[in-house]
Amino acid sequence: MAREKRTILITGGAGFIGSHLVRHWLRNHPQDIVLNLDALTYAGNLANTEDFKGYVNYHFVQGSITDEHLINQLFERYQFNWVFNLAAESHVDRSIHDPLSFVQTNVLGTTVLLQACVRHWSLSDQNTPSKKHLFYQISTDEVYGSLSAGAYFTEASNYAPNSPYSATKAAADHLVRSYYNTYNLPVVISNCSNNFGPFQFPEKLIPLMVLNAVEEKKLPVYGDGRQMRDWLFVTEHCQAIDVIAHKGKLGETYLVGGKNEYHNIDLVNLIAEIIDEKLERKKGTTAALIEFVRDRPGHDLRYAIDASKIERELGFSPSQNFEVKLKETVDWYLANSQWTKDVISGEYRRFYQLNYGTN
Ligand code: NAD
Ligand code: DAU
């Protein structure tokens, strides 16, 4: 069967997951045209998209999803079939210092995109098997709040966001759902656990610990480090998004997880061991840099995903070995010190000082 040819809008495609999704799409769907729209905030970096230059079906526009005029122009010009919304302010600690920018992009920006879809798509013929149009919201498991031991998030879990970041992502999910019910907009939402891999901005736990360890700086573990996260290698998230876009049911939510639950302190110790090994340090040298610091306000204790719906209905389950992928990720950061130097700008240093009280 001939492959459907589509024009795809990926927002936030110069960020961490977005750049992996663009790469995934260009490699796996060469018949499609891909437009990457990214505002290039501190987290967006064209170095993440260097290897896309050779693709004639790839386009980049710098701009914000909050810019209604620009969004309407792009919809008119490109006639998008599918929209993947990844553009977001994504870091919980930053949302504590500056919630408004999260509301702007995550809530208002998402609504601007939804409005453009309603305006530019004919919404009467949406339930065709080919999914002529699709609005795909990339969301987070953090919208469900915090779990006690032994419990798992499912698609039926109640929304209970605890940080300004997760509250804005929850609001966006609700808006997306409301556009499905009110305007018949063809939508799908996935809520994923913690991603890791190359090109992740070093404000997030894994790259921050790797880079601090390399520089022999303190490894700041929040609170007692007993919080738990479920880790998924970023390319597996992209595969899941692809499967959900093609096979998922309109109006549905799918949870995506890695089946890799770690207490933060155990993960930081594991990273320290890997660094000792790679940099030929005496065993225990890097772990000695661990420092327990003031806890994150509203810190969620545990996230864990029951991913049986996507497994059962769409046949997707993660297959990568966590420790293997973690070592590969550490190797990537060790081999790409120029990338790191470039992203650790004055702005990053200001944030580090604000959040950790030290440089
Ligand atoms: P990121 O911070 O690395 O990248 C975000 C990108 O969005 C950046 O390139 C930035 O320039 C761009 N952006 C920000 N505001 C914009 C705006 N107004 N208009 C256009 N572009 C804008 O984030 P990430 O970790 O890659 O996360 C991507 C998406 O996936 C987010 O929606 C996030 O909520 C979601 N998510 C992330 C994770 C994770 O573990 N990182 C897990 C689940 C879901
Ligand atoms: O669960 C999905 C979410 O995962 C995404 O929606 C978010 O965009 C993404 O940032 C991530 O949120 P977390 O808050 O879980 O990730 P982060 O890497 O910031 O922190 C992971 C855990 O490590 C968390 O419990 C806080 C802790 N931590 C983090 C940092 C940066 C520390 O102990 N010390 C640190 O310096």
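Colleague: How far does a polar side-chain atom of Thr140 lie from an oxygen atom of ligand 2?
Modeller: A polar contact is a pair of N or O atoms within 3.5 Å; within protein, one must be able to donate a hydrogen and the other to accept it, and residues adjacent in sequence count only if both atoms are side-chain atoms. In this predicted model, the distance between the Thr140 side-chain atom and the oxygen atom of ligand 2 is 2.7 Å.

Colleague: Which atoms are left out of the side-chain values?
Modeller: Residues are numbered from 1 along each chain as its sequence is written, with chains lettered from A and ligands numbered from 1 in the order in which they are written. Because the model is predicted, local features need pLDDT of at least 70 and side-chain atom pairs count only at pLDDT 80 or more, while totals for chains, interfaces and linings use all residues; side-chain values use heavy atoms and leave out hydrogens and water.

Colleague: What lies 2.6 Å from an N or O atom in the side chain of Tyr356?
Modeller: For His299, an N or O atom of the side chain is 2.7 Å from an oxygen atom of ligand 2. For Tyr356, the partner at 2.6 Å is an oxygen atom of ligand 2.

Colleague: What share of the accessible area of ligand 2 does the protein cover?
Modeller: Accessible areas come from the Shrake-Rupley method with a 1.4 Å probe; for residues, only the protein chains shown count as cover. On its own ligand 2 has 680 Å², and the covered part is 95%.

Colleague: Why does ligand 2 lie between two domains, and which are they?
Modeller: Residues are near a molecule or strand if one of their heavy atoms lies within 4 Å of it, and 24 residues are around ligand 2. Domain bounds come from an automatic or database domain assignment. Two domains both give residues to this shell, so ligand 2 lies between domain 1 (7-196 + 229-256) and domain 2 (205-228 + 261-297 + 321-353).

Colleague: Which residue has a backbone N or O atom 2.8 Å from an oxygen atom of ligand 1?
Modeller: Backbone atoms of Gly15 and Thr41 each lie 3.0 Å from an oxygen atom of ligand 1. The residue at 2.8 Å is Ile17.

Colleague: Which strand gives the most to the shell around ligand 1?
Modeller: Helices (H or I, at least four residues) and strands (E, at least two) are DSSP runs, numbered from the N terminus. Elements giving two or more residues to this shell include helix 1 (16-28) and helix 5 (164-183). With three residues, the one that gives the most is strand 5.

Colleague: How many charged residues are in the shell around ligand 1?
Modeller: Ala, Val, Leu, Ile, Met, Phe, Trp, Tyr, Cys and Pro count as nonpolar, Asp, Glu, Lys and Arg as charged, and the others, Gly among them, as polar. The shell around ligand 2 has 11 nonpolar, seven polar and six charged residues. Around ligand 1 there are 13 nonpolar and 13 polar residues, and the charged ones number two.
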